[in-house]
Amino acid sequence: MAKTESLNEAPTPRHRSEALDAILGTPFKVLDDGFVRVVDYLGADESIVQAARVSYGAGTKKSREDRGLIRYLVRHAHTTPLEMCELKLHVRVPMDCWRQWIRHRTANVNEYSTRYSIAIDGSQTTPPERWRKQSADNKQGSEGWLDPEIGRRLTEGERELQDMSRRVYAERLDLGVAREQARKDLPLSTYTEAYWKVDLHNLLHFLWLRMDPHAQAEIREYANVIGHEIVARWVPMAWEAFKDYRLGALAVSRLEVELIRLLASRDDKGLLDFVTAEELVRARNGIPVLAGELKEFLGKLGRFGLEDRLSPLLSRPEIISRLPA
Ligand SMILES: Cc1cc2nc3c(=O)[nH]c(=O)nc-3n(C[C@H](O)[C@H](O)[C@H](O)COP(=O)(O)OP(=O)(O)OC[C@H]3O[C@@H](n4cnc5c(N)ncnc54)[C@H](O)[C@@H]3O)c2cc1C
């Protein structure tokens, strides 16, 4: 085989992250009794750059800064160089939260076995002032807090339930029931532990979904700790690019591009024709009812401080009378 120029280069030393080395094994507390700690890692920002240069050629070394290259890769979803970095975490998570976490299939997992060992004697508890109310417009979400007076009752009920399930579990074990069966009535608040290994590309995807305000508050806490405490230290350039081009970015659909164009050109008739043709709004009892997609668009306009541009227009009586019922 002919020797290539890159094979003649001196061997590359292993890339390390001093900032991550400094916290290796240190648990970051999450929720009341959970944690995340780094067990091991492979690669650093330099490993992303190194892999990318194989595809772009050595010449780019001179013309592009590492940071610029990583930002380019993340911006254009050229993600395989990110897969050169891997992170192994040890996590302690309540089972309801773990159930969401484990849906991310692209990680390698080894979980504490409650068939083999006695279940971890720890359950996530909720202080009286931390009971969240059901969200009115997001069936999967929460908003605001219940009165702490009511919360006290709920927290007391939680304690009784957790104590009882633990007592029943312990009794089953004492009477010789197999651990695999004795566990069946343990609550989802019971903590589990796992080793979770994932490459940076899939980790950023996990963080993008689970740091999002639509994710449940508990898993969001874990994702925020992993992002801000671990990834930010480990691969600061990739983390910065992720924040700029994924986490803080906004996807705009074809319909939304057209809406923005019509709003910018102040073409009210064109806008009304468009939202009607695309069934984005209807009239019910003289009130405009926006499709979910259009409500989300208003949220996006809010990011630009432009939320007041569309709603008043759709509320005009002469427009409402033209909307389909
Ligand atoms: C806010 C929120 C609400 C949710 N609600 C629900 C719910 O109500 N019910 C429910 O069941 N789940 C729900 N989920 C889970 C969700 O549907 C995903 O299963 C989960 O977020 C994992 O995402 P993923 O498949 O992209 O990640 P991963 O499993 O890590 O996969 C990463 C990527 O790899 C690719 N990939 C992986 N496996 C395959 C495959 N078999 N075929 C093709 N491509 C693949 C995909 O591109 C995928 O995006 C919810 C998630 C979020 C964030």
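These are legends for a set of close-up views of a predicted model.

**View 1. The domains of the chain.** Let's start with the overall layout before zooming in. The domain assignment splits the protein chain into domain 1 (13–120 + 189–247), domain 2 (128–185) and domain 3 (254–320). Notice that domain 1 is written as two stretches of sequence, with domain 2 numbered between them. If you take centres over C-alpha atoms, domain 1 and domain 3 sit 39 Å apart.

**View 2. Strand β3 and its two partners.** Find β3 (86–94), then look for the strands that pair with it. Strand β2 (residues 34–42) pairs with β3 in the antiparallel sense, over seven bridges. One pair to pick out is Leu42 with its bridge partner in β3, Glu86. β3 also runs antiparallel to β7, and nine bridges join these two. Here you can look for His90, whose bridge partner in β7 is Tyr195.

**View 3. Helix α8 and what covers it.** Now move on to helix α8, residues 200–210. Which of its residues are buried? They are Leu200, His201, Leu203, Leu204, Phe206, Leu207 and Arg210. The cover over these buried residues includes two strands, β3 (86–94) and β7 (191–199), plus two helices, α9 (217–234) and α10 (236–247).

**View 4. The residues around the ligand.** What surrounds the ligand? Going along the sequence, you meet Arg103, His104, Arg105 and Thr106, then Gln140, then Asn202, His205 and Leu209, and lastly His214 and Ala215. Sorted by class, this shell has six polar, two charged and two nonpolar residues.

**View 5. The largest nonpolar core.** In soluble globular proteins, nonpolar side chains tend to be buried together. The largest nonpolar core in this model has 47 residues, and the members that touch the most others are Ile48, Ile70, Leu203, Tyr222, Val235 and Ala238. Which element gives the most to this core? That's α9, with seven residues. A second core, separate from this one, has eight residues, including Leu259, Val281, Leu310 and Leu314. Back in the largest core, zoom in on Val235: leaving out residues up to four places away in sequence, Val235 touches Ala44, Asp45, Cys85 and Leu200. You may remember Leu200 as one of the buried residues of α8.

**View 6. Pro27 in its loop.** Pro27 sits in the loop between α1 (18–21) and β1 (28–30). Why does Pro27 count as partly exposed? Because Pro27 has 14 C-beta neighbours inside 10 Å, and the label covers counts between the exposed limit of 12 or fewer and the buried limit of 20 or more. Setting aside residues up to four places away in sequence, Pro27 touches Phe35 and Arg37. For a sense of distance, try Asp174: Pro27 and Asp174 are 147 residues apart in sequence and 33 Å apart in space, C-alpha to C-alpha.

**View 7. Two loop residues with a positive phi.** Our last view pairs Ala77 with Glu279. Ala77 is not a glycine, yet has a positive phi of about 55°. You'll find Ala77 in the loop between α4 (66–75) and β3. Ala77 counts as exposed because it has 9 C-beta neighbours inside 10 Å. Glu279 isn't a glycine either, and has a positive phi of about 55°. Look for Glu279 in the loop between α12 (268–277) and β8 (281–284). Is Glu279 buried or exposed? With 11 C-beta neighbours inside 10 Å, Glu279 counts as exposed.

Note on methods:
Residues numbered from 1 in each chain as written. Predicted model: local features only at pLDDT ≥ 70, side-chain atom pairs only at ≥ 80, totals over all residues. Helix = DSSP H or I, 4+ residues; strand = E, 2+ residues; numbered from the N terminus. Contact = placed C-beta atoms within 7 Å. Near = placed C-beta within 6 Å. Nonpolar A, V, L, I, M, F, W, Y, C, P; charged D, E, K, R; others polar. Domains from an automatic or database assignment. Pairing = 2+ DSSP bridges. Core = buried A, V, L, I, M, F, W, Y, C linked by C-beta atoms within 7 Å.
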